Amino acid sequence: MVNEAPAKSFERIGADYDRYRPGFPRRAAELLMPAQVGTALDLGAGTGKFTELLVDGAQRVVAVEPSEPMLAVLRAKLPLVEAHVGSAEQIPLESGSVDVVAVAQAFHWFDRESACAEIARVLVPRGTLGLIWNHSDPTCGWDRAAHRIAHPAMAESDGTTRSAADQLPGFLFASYEQIHSTERIRRDAYLGRWSTVSTFLVADELGRSEMFAAIEAVLESDPETRGQDEFDLPIVTDVFVYRRA
Ligand SMILES: C[S@@+](CC[C@H](N)C(=O)[O-])C[C@H]1O[C@@H](n2cnc3c(N)ncnc32)[C@H](O)[C@@H]1O
C-alpha cells in the first residue's frame with residue numbers, strides 16, 4: 001500500500017468519520033449503475049457513505065474495508081450489506097463475481113498496480129469500475145483556503161483526482177462527470193469534519209491545534225462565514241467510470 005501511515009489513520013476513527021464527513025449525491029451511483037445489477041462492491045467502503053447509495057441498484061451489495069472501526073459503523077447502519085475486512089490489493093471475493101466496483105474517496109490510498117489487477121480479477125468481463133471523489137469547489141474561497149491548510153492534496157479540483165484516475169492498467173476509460181451540490185453545514189460540524197482527515201489524524205497535538213486555529217482564522221476572515229453559526233458549503237463530486245478491458 002502507498003503512504004502507509006496516513007492510510008492507516010482511518011483505523012482510529014469510525015463514528016466521528018460517519019458523523020462529520022459528507023455523503024455523496026445519488027447521481028454518482030446512477031452513473032455507475034444506470035440499470036439494476038447483480039453484485040456491486042464498495043471498496044474502501046469506510047462507514048458506508050457510498051455503500052448506502054448502491055443498495056437500491058444491486059441485488060447483492062458487498063463492502064470491503066481494512067479498518068474494523070469503520071466497518072463496525074457500516075455493519076450497524078447497513079445490516080443487509082455483506083461486509084468483509086480486506087483491502088484493494090487483496091479482495092476477499094471470487095474471480096468474476098462482481099458487476100460494479102465503486103471506490104469513493106479511497107483510490108488514492110491504494111497501490112495502483114496491484115489494486116487494478118485485483119479489481120479486474122473480481123469484475124465480470126466489461127464490468128464497471130467507478131472512482132468517486134468529493135472535493136472543494138474552486139468558487140468557494142474560504143473552503144479552498146481551509147483545504148490548503150489541512151488537506152492540500154484535495155484542494156485542487158482538477159489536480160489530484162484526475163491524475164489519480166488517469167490511465168488505469170486493465171481498464172478502458174468510459175466517462176467523467178462533475179456533480180455540483182451544496183450542503184448547509186453548522187460551523188462546529190465543519191470544524192469537526194477537519195478532525196477526520198488523514199493529515200489531521202497523523203499530526204501531533206501542536207499540529208492539530210495549529211490547523212484548527214488557522215481554519216478558525218479563515219472562517220473569521222471571510223464575509224460569507226464571519227460570525228455565522230451555519231453556512232452554505234458547495235461541494236464538487238468527480239465521477240470517473242471505467243470498463244474492464
Ligand atoms: C477517506 S476514507 C473513504 C471511506 C468511504 N469510501 C467514504 O467515501 O466515506 C478512505 C478509506 O479507504 C480505506 N483504505 C485505505 N487503504 C486501503 C486499501 N489499501 N484498500 C482498501 N481500503 C483502503 C480506509 O480505511 C478508509 O476507510
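Q: Which residue in E7 does His135 stand opposite?
A: His135 stands opposite Val236 in E7. The model is predicted: local features need pLDDT of at least 70, side-chain atom pairs count only at pLDDT 80 or more, and totals for chains, interfaces and linings use all residues. Residues are numbered from 1 along each chain as its sequence is written.

Q: How do you know that E5 and E7 pair?
A: Strands pair if DSSP finds at least two bridges between them. E5 and E7 have nine bridges, in the antiparallel sense. Nine passes that cut-off, so E5 and E7 count as paired.

Q: What makes E6 a partner of E7?
A: 15 bridges join E6 to E7, and the two run antiparallel. Arg184 stands opposite Asp232 in E7.

Q: How do E1 and E4 run, and how many bridges join them?
A: E1 (residues 37-43) and E4 (residues 98-104) run parallel, joined by three bridges. Ala40 has Val100 as its bridge partner in E4. E1 and E4 are strands, DSSP runs of E with at least two residues; helices are runs of H or I with at least four, and both are numbered from the N terminus.

Q: Which order do the strands of the open sheet have?
A: The seven strands follow the order E3-E2-E1-E4-E5-E7-E6, with mixed pairing.

Q: Why do E3 and E6 stand at the edges?
A: Strand E3 (82-85) and strand E6 (171-186) each have a single partner strand, so one side of each has no neighbour in the sheet. From one strand to the next, the twist averages 20°.

Q: Which strands does H6 lie across?
A: H6 (residues 112-122) lies across E1, E4, E5 (123-136), E6 and E7 (230-244), at about 130° to E5. H9 (residues 187-194) also packs on the sheet, touching E6 and E7, and its direction makes about 140° with that of E6.

Q: Why is H7 called roughly antiparallel to H11?
A: H7 (residues 141-150) and H11 (residues 205-221) cross at roughly 165°, and their axes come within 9 Å. Angles over 145 degrees count as roughly antiparallel, so H7 earns the name relative to H11. The axes are lines fitted to C-alpha atoms over the stretch in contact, with angles from 0 to 180 degrees between N-to-C directions.

Q: Which residues make the contact of H7 and H11?
A: H7 gives Trp142, Ala145, Ala146, Ile149 and Ala150, and H11 gives Met211, Ala214, Ile215, Val218 and Leu219. Residues are in contact if their C-beta atoms, placed from the backbone, lie within 7 Å. The residues of this contact divide into ten nonpolar, no polar and no charged.

Q: Where does H9 meet H11?
A: Arg187, Leu191 and Trp194 of H9 meet Met211, Phe212, Ile215 and Leu219 of H11. The axes of H9 and H11 come within 11 Å and cross at roughly 145°.

Q: What makes one residue of the H9 and H11 contact charged?
A: Asp, Glu, Lys and Arg count as charged; Ala, Val, Leu, Ile, Met, Phe, Trp, Tyr, Cys and Pro as nonpolar; the others, Gly among them, as polar. Arg187 of H9 is in the contact, so Arg187 counts as charged. The contact divides into six nonpolar, no polar and one charged.

Q: How many residues surround the ligand?
A: 22 do, and the closest are Gly44, Gly46, Ala88, Ala104 and Ala106. A residue is near the ligand if its C-beta atom, placed from the backbone, lies within 6 Å of it. The shell divides into 13 nonpolar, five polar and four charged.

Terms used
Angles under 35 degrees count as roughly parallel, over 145 as roughly antiparallel, 65 to 115 as roughly perpendicular and the rest as oblique. Two residues are in contact if their C-beta atoms, placed from the backbone, lie within 7 Å.
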